[in-house]
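Here are a few short exercises on charged side chains, each with a worked solution. Keep the structure open beside you as you go.

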Amino acid sequence: MKTAIPVLASLILLAASVRGAEPGTYEYYSYESGVTITGYEPDDSRELIVPSEIAGVPVTAIGWEAFKDCREVTSVVLPAGVTSIGSKAFFNCTRLASISLPPGLTEIGDGAFFNCRALARVSIPDSVTTIRDGAFFGTALTSISIPSGVAEIGAFVFARCPALEAIHVEPGNQHFSSIDGVLFSADKYTLIRCPEGRAGDYAVPQKVSALGGSSCSWWCYSVGGAFENCDRLASIQLPDGLTSIGARTFRGCSALASLTIPGQVSEIDASAFDACPALTAIDVAPDNADFSAVDGLLLNGEGTELVR
């Protein structure tokens with residue numbers, strides 16, 4: 001059953017309308033196991049405290065696009081019973097600066113906080129296991145801590161976050177790790193994501209053999225680039241053991257002027273250097289059998305085909 005209820009009215013008085021509800025009204029589905037909030041008709045309130053139950057049934061989920069385009073809301077407190085935040089739940093809530101995520105939350109959906117460009121700080125509960133594609137795309141985050149129980153981080157989760165300087169992973173995580181604020185696989189062989197706010201020079205650890213992210217779903221077409229849009233990095237030193245450079249790895253690194261490809265690299269995705277206008281000098285280690293360089297241009301191993 002889908003119904004609507006005024007935020008400040010008695011929870012016993014249920015409204016029958018679904019669309020065209022009064023300001024300050026929730027829309028929701030009610031199940032035996034709990035209530036999923038599916039919509040909200042904004043009023044003049046900037047601070048929103050979501051009720052813990054509706055008509056005596058606990059609120060357990062924030063549904064798809066539930067608070068989409070609520071551009072006047074500046075803060076949200078979710079009740080302790082909420083275990084999932086659906087896709088695009090707070091999409092384009094451009095003034096949302098504070099969100100209180102409850103203990104017991106397990107999943108943050110695709111684009112949940114997409115373009116919440118005032119959101120500078122989020123504390124992810126220890127109970128979270130899944131952070132899906134683009135969850136924090138376009139936010140103002142400056143740093144983020146990934147709990148030890150997180151097993152899945154989708155593509156472009158922290159893309160278009162120019163103020164993000166550090167991604168930390170809490171000890172004990174079996175799937176991810178971090179070194180100096182950069183996100184890696186647990187074994188540290190893959191550099192997954194360098195935060196876009198990092199500046200200056202960066203040397204990739206020698207243990208790393210691959211640069212790249214994970215596949216994405218509904219709103220993008222490629223994989224996440226390890227250094228994508230890191231436009232404040234002046235230089236990147238690649239390790240000798242690197243074997244592959246994934247899609248969009250250096251895309252948008254507008255300050256990167258030169259790069260040396262190590263000898264063991266055998267695979268470079270065609271999109272790896274997209275939108276790198278300052279990159280005019282690419283060198284290749286002399287022992288590389290798959291690529292070569294002439295006058296700063298990247299060629300195949302035989303020197304017969306231009307790669308970049």
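**Exercise 1: Two arginines around one glutamate**

Arg46 is partly exposed, at 40% relative accessibility (buried is under 20% relative accessible area, exposed over 50%, partly exposed in between, with a 1.4 Å probe and protein chains only). This is a predicted model, in which local features need pLDDT of at least 70, side-chain atom pairs count only at pLDDT 80 or more, and totals for chains, interfaces and linings use all residues. Residues are numbered from 1 along each chain as its sequence is written, and side-chain values use heavy atoms, leaving out hydrogens and water.

Task: find which residue forms a salt bridge with Arg46.

Solution:
- Apply the cut-off: a side-chain nitrogen of Lys or Arg within 4 Å of a carboxyl oxygen of Asp or Glu.
- The partner is Glu72, with the closest N and O atoms 3.3 Å apart.
- Glu72 lies in the loop between β6 (57-62) and β7 (75-77) and Arg46 in the loop between β3 (35-41) and β4 (47-49), so the pair ties together parts 26 residues apart in sequence (strands are DSSP E runs of at least two residues, numbered from the N terminus).
- Now look at Arg95: Glu72 forms a salt bridge with Arg95 too, at 2.8 Å between the closest N and O atoms.

**Exercise 2: Another pair**

Task: what is the N to O distance between Arg132 and Glu152?

Solution:
- Their side chains meet in a salt bridge at 3.1 Å.
- Arg132 sits in the loop between β11 (130-131) and β12 (143-146), and Glu152 in strand β13 (residues 152-153), 20 residues apart.
- Arg132 is partly exposed at 26%, and Glu152 is partly exposed at 34%.

How values were computed: Helix = DSSP H or I, 4+ residues; strand = E, 2+ residues; numbered from the N terminus.
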